[in-house]
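Biologist: I should like to learn how the features of a structural model are to be read. Please take me through them one at a time.

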Amino acid sequence: MGMTVIEKIMARASGQPRVTPGQFIDARLDRIIAHEEFYRIHTAAVNNGIEGGLPRIFDRDRFHVVLEHFQPAIDEVQALRAVKMRELADRYQLRHFRDTLPGVLHRIVMEDYVLPGELALGSDSHSCAWGALNCAGTGMGEHELAFALVFGTLWFKVPETIKVVLDGQANPAIGSKDVALWLGGRYGTAFALYKSIEFTGAGAAAMSIEQRFALSAHAVELGGKFGLFDYDDKAAAFLDKRKALRDQLDGAVAVAADSDATYCQEVRIDLSTLEPQVAKPHTFENVVPVSSVVGTRIDQAVVGSCANGHVEDIETVARVVRGRKVHPRTRFLVQPASWAIWRECASRGLFDVLLDAGVQVLSPGCHVCLGMQGRLADGEVCLTSTTRNHRGRMGSSEAQVYLASPTTVAVSALAGVIEDPRGVVQ
Amino acid sequence: MSKKSILTGRVWKFGDNIDTDIIAPADTISFGLGDAAEQRQVLENAFRAVRPNFHELVKPGDILVAGRNFGLGSHREPANKVLVSLGFSAVVAESIARLFFRNSVAIGFHAFQVPGIDAFVDEGERLEINLEAWRLRNLDRGTEMAIEPYSELVKNIIDAGGIIEVMKQRIAAGAVPVD
Ligand code: SF4
C-alpha cells in the first residue's frame, strides 16, 4: 500500500522503508528555524540546570535564526531581548543569524531557507506555512527545540492525512483565505487535530504560490500539524529566485503521495460554489458567508501576516482601492510580510496607489497581527486578513475581530462596513 | 510531582476553544525575558478575558477541565507553564491542541484527552486521576471512566520531568556528539 506525503517524509527521516499513522518515530530533522524564541530555547536549557546552555548545535548550516517579531522593538524589554539574542548568536557561533531586515518569519524562510521534501521545525505555530513549498514544517515549543537542536532528532507520532481536493474555478473575488475559512466553519478548529493535510486537485494546482502560502499557514487554525502542497513549476519558479544556500536547493528532493495512499478523510470543495467567507469573533470556526454580516461597521481594516501579507495580497488591495478612497472613519493598515515584498510592491508603484487611497503602509512584520501595533479599543471592530481573531489578540478583549480575505477587507475598507466583494471585483 | 500515580483535585471547568491568547494573553508575555517579573504578569492575567483574577481562586492540586481543542493557537510555552504556576496538577480536556499537548509533555505536565469529560464532571466536583489503572473517578458522584494511557514514549518524558531532563540524562550518559 502506498504512502502519503508526510508518511514518505517521516519514513525517510526515521530511516525506515515505511511508516504508518499512529507509529512513534525518532526522526532526523532537516532544518530548524527559530525567531525570538531562540532566547527561550537557550534559557529553557539553562533554567533546567544545563550550565552554559545547549552543549552543541546539531548543524549550523541547517539552523537559522531570524530576529523578526521584535523589529522595530516596541519597548525596552523587546530591545533588551534583541540584545541578548545578538549575544547568543555570537555565543553559539551561528552561521545564519538574520538581524536587520526583519519581516514575518515564514515568508523570510520560504524566500531563503526551507526546501521541498524536508522535515523542518520552527519555533512558531504557523511553521506549517512552509508546506506550500512541499516542506513538512511544523511548530514546536522551546523545550522540544532545545532537545532537537542538540541531537538533530525528535520524536513524532506519524499523523493520519486528510486529503482536501479543490476543484472548479473560483469567482475572482474568492481567494484561498475563503477556502481556509470555509473549512474552519464547516469542520471546526479541531478538523485536522494531530493530522496532516494535503491540498490537492486541479484547484490547488491552479493556485498561485502565494495563495498556497495562506492555505498552508492556516492548517494550524484547522488544528493541523502539516499543510502540504505538491511540488510543481510554481514552487520551482518561486524557489529559483533564491540566492542563499543554492547548494542545498540543488540537493532538494520533492515528495509526492502514492496514488494508492490511505487517507483518513477526503474533503472535496467545488471552488465555483464558494462564497466569500467571514469568521466572526472570537474563533476561526465562527464562520458565515459574507452576505450575513454585510453592513457591519468597521473601525480598522488590515491586510498582512504570514497568511496574507504577500505581493498578490497587496496587489489585490491596490486593484480594489485604485482611484478611490478609504472610508473616512476606517483606518486601513497594510503590512507586507517581508522587505523583498516591500521592494517589489514599491517598484511596481503599488504603494503609491495605496497611499493615494488613504491606506497606511507599515514596515514589514507581524506587529498588527498580534497586537503589537494598531491595537483596538473597547468596542472597536476590525476586519482583518491576518490569521487569528482570538479575544484580546489585537488589543481590548472587548474589541471585535472579524477575519476575511484581502479582497473582502479592501472592498469593506472603502465602504466602512463589511461588504460583499463579488459586486465590486470582477 | 510528575511521578505521583494518583492525582486528586477540585475541578475548574472551561468550554471549547480555550486558546493560548486566553490562557496567557500576548501582551503579558510581550516576548519578554521569561523572568520572574514576566511570570508574575502572566500568572496575574491568565484567563483574564473569561475569568478575571483566576490566580486567586485556584488551589494547589486543582484540575482544569476543558472542552474541545484546549490550548489552540500560538506555540507559546508560558501558556503551559502558567498552568503549573496557577497550581494545577493536570489538564483534562475533550481534546487538546497538538502544540499545547507536546509542550505539556515537554515540561513534564499532565495533559489528558478524554472524550466525554465534559459530561463526566462539573465545576467544583472532585476528580481523581489514577495513572496506574488509567481511570478517572468523580469523587462526588462516585462514577468512574477509563482514560487512554500515555504512550510509552510520552510517559517516559513526563516521568523524567520533561524533555530537558531526558536530554540531561543523555548528556550524562555521554550521548552528546562533539561539534
Ligand atoms: S504574521 Fe501573525 S500569525 Fe504569522 S507569524 Fe507573525 S504573528 Fe504569527
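Modeller: Let us begin with enclosed space: the largest cavity holds about 210 Å³. On a 1 Å grid over the protein atoms alone, a cavity is a set of points where a 1.4 Å probe fits but cannot get out, a pocket is an open set with protein on both sides within 12 Å along at least five of seven lines, and lining residues have an atom within 4 Å of a point. Grid points are joined across faces, edges and corners, and a volume is the space filled by probe spheres set on the points. The model is predicted, so local features need pLDDT of at least 70 and side-chain atom pairs pLDDT 80 or more, whereas totals for chains, interfaces and linings use all residues; side-chain values use heavy atoms, with hydrogens and water left out. Residues are numbered from 1 along each chain as its sequence is written, and chains are lettered from A and ligands numbered from 1 in the order in which they are written.

Biologist: Which residues are the closest to the centre of the largest cavity?

Modeller: His69(A), Asp124(A), His126(A), Leu370(A) and Arg393(A) are the closest to the centre, out of 21 lining residues. By class, the lining divides into eight nonpolar, eight polar and five charged residues; here Ala, Val, Leu, Ile, Met, Phe, Trp, Tyr, Cys and Pro count as nonpolar, Asp, Glu, Lys and Arg as charged, and the others, Gly among them, as polar. At least two lining residues come from each of α4 and α11 (305-308) of chain A, where helices (H or I, at least four residues) and strands (E, at least two) are DSSP runs numbered from the N terminus. In total, four cavities of 30 Å³ or more are counted.

Biologist: What is the volume of the largest pocket, the open counterpart?

Modeller: The largest pocket has a volume of about 750 Å³. Its lining comprises 24 residues, with Arg107(A), Glu111(A), Lys241(A), Ala340(A) and Ile341(A) nearest the centre. Helix α13(A) gives the most to this lining, namely five residues. The classes are eleven nonpolar, one polar and twelve charged.

Biologist: How should a salt bridge be read, and which residue does Glu111(A) pair with?

Modeller: Side chains of opposite charge can pair when their charged atoms come close. The criterion is a side-chain nitrogen of Lys or Arg within 4 Å of a carboxyl oxygen of Asp or Glu. Glu111(A) forms such a bridge with Arg107(A), with the closest N and O atoms 2.7 Å apart. Because Glu111(A) and Arg107(A) are four residues apart in helix α4 of chain A, about one helical turn separates them. Over all chains, the structure holds 42 salt bridges.

Biologist: How many salt bridges are there between chain A and chain B?

Modeller: Four are counted between chain A and chain B. One of the salt bridges links Glu38(B) to Arg40(A), the closest N and O atoms being 2.9 Å apart.

Biologist: How many residues does each chain bring to the contact?

Modeller: With contact defined as heavy atoms within 4.5 Å, chain A brings 55 residues and chain B 51 residues. The two chains bury about 4,600 Å² between them, 60% of it on carbon and sulfur atoms; buried area is the accessible area (1.4 Å probe) that two parts lose on being put together, summed over both. In chain A, His143(A), Trp155(A) and Tyr194(A) lose the most area to chain B, together 15% of what that side buries.

Biologist: Where do cis peptide bonds occur in the backbone?

Modeller: One joins Gln71(A) and Pro72(A), with omega about -10 degrees. Pro72(A) lies in the loop between β3 (63-66) and α3 of chain A. Another joins Pro281(A) and His282(A), with omega about -5 degrees. His282(A) is found in the loop between β12 (277-279) and β13 (287-289) of chain A.
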